[in-house]
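Subject: Handover of a structure, with findings

Dear colleague,

Please find the structure below, passed to you for your own work. My findings follow it.

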Amino acid sequence: MSFQYGGQAVIEGVMMRGPGSRAIAVRRPDESIVINEKKLGSITKRFPFLKLPFIRGVVMLFESLVMGIEALSYSAEQAMGEEEEEKLSKWEMFLTIAVSLGLAIVLFIVIPTTLTYYTATSIQDNFFRNIIEGVIRLAVFLGYVYAVSRMKDIQRVFMYHGAEHKVINAYEAGKDLTVEEVQKFSTLHPRCGTSFLLIVILIKVVIFSGVTASGLMGQIFFRILLLPVVAGVAYELLKLSGKYQDKGICRIFIAPGLWLQKLTTREPENSQVEVAIKALNAVLKEGDIHVR
């Protein structure tokens, strides 16, 4: 299997990405399933050097962010039963991405760095200071995920997240993609974005330990500056862990990410698995389809 299929849970549906297209399947209020397909054109086709290891992770992260916001916007319209699809303008897309990145920087860089700066003043060793910062960052992340998971609408999104993982697991196991067969599989998957975020948190401890800056603002600045490096390394580690997930050392490496996914996934209903199957079907290459 040369291409690693994957996706994202959206509002009352699932988005799946294939080698040349993406598909969004959404359950509408009348119980019908609507599918939106779109051909993909990556910037890496025009600039092949962007496919190089460590660089490709940054590109993939940005493209996935744009695609994810578009998918959420479309799914929200369809889940509410709107007939007209109003696409986000380029300005609205830019503003949404900027706000999302800004919130992530405040939560996972500014707050942990500030708290460490003022509470660990007696610790001079940069590595140990970064371990403390990493623990604070992890606590903020877990608190954020837990708070969000308490929302009723998000719990349904987490159920679709589980459905997405079940379908990908069944496909990668070579099984027929029927609801009955797919439901036998786990809601956890090593290439999940939740695992990626955990890897990012751990990688930051190592990379930031090699950077020294005077003053709080200097530390925050260099942490933001190094985000592409962190993302690139984390992406490569995530791909390796997914490829060698059955190896002993990799099983240990991916275990924390799988445990964390228990917060961001839920067991899906059969109707939700059906939606996820239709999304994956729409992007499977002709020779790969083995669903009826």
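I begin with helix 8, which covers residues 227–243 and has 17 residues. At 1.5 Å a residue it should span 24 Å, and because its end C-alpha atoms are 24 Å apart, the model agrees with that expectation. Please bear in mind that this is a predicted model. The buried residues of helix 8 are Val230, Ala231, Gly232, Ala234, Tyr235, Glu236, Leu238, Ser241 and Gly242. An α-helix has 3.6 residues a turn, so residues three or four places apart point the same way.

Helix 6 may be read alongside it. This helix runs over residues 193–209 and also has 17 residues. From its first C-alpha to its last it reaches 24 Å, close to the 24 Å expected at 1.5 Å a residue. Helix 6 nevertheless has a bend of about 30°, located at Ile203. Of its 17 residues, 13 are buried, so helix 6 is largely enclosed by the rest of the structure.

I turn next to the loop between strand 4 and helix 1 (56–79). Two phenylalanines found there are Phe47 and Phe54. Phe47 has a relative accessibility of 37% and therefore counts as partly exposed. Phe54, at 48% relative accessibility, is likewise classed as partly exposed. The backbone at Phe54 deserves a note: its phi is near 80°, a positive value in a residue other than glycine. Phe47, for its part, contributes to a nonpolar surface patch of about 420 Å², together with Ile43, Phe49, Leu52 and Ile55.

A positive phi is also found at Glu31, again a residue other than glycine, with a value near 75°. Glu31 belongs to the loop between strand 3 (21–27) and strand 4 (33–39). Is Glu31 buried or exposed? Its relative accessible area is 53%, and the cut-off for exposed is over 50%, so Glu31 is exposed.

The last residue I would mention is Thr121, placed in the loop between helix 2 (90–119) and helix 3 (126–149). Thr121 counts as exposed because its relative accessibility is 53%. Along the chain, Thr121 and Lys166 are 45 residues apart, and a distance of 46 Å separates their C-alpha atoms.

With kind regards

Methods:
Residues numbered from 1 in each chain as written. Predicted model: local features only at pLDDT ≥ 70, side-chain atom pairs only at ≥ 80, totals over all residues. Heavy atoms only, no water. Helix = DSSP H or I, 4+ residues; strand = E, 2+ residues; numbered from the N terminus. Buried < 20%, exposed > 50% of the residue type's maximum accessible area, 1.4 Å probe, protein only. Expected span 1.5 Å × (residues − 1). Patch = residues over 30% accessible without salt bridge, like charges linked within 9 Å, V, L, I, M, F, W, Y side chains within 5 Å. Areas by Shrake-Rupley, 256 points an atom, 1.4 Å probe, with all protein chains shown as cover. Salt bridge = Lys/Arg side-chain N within 4 Å of Asp/Glu carboxyl O. Bend = angle between axes of the 7 residues up to and from the residue.
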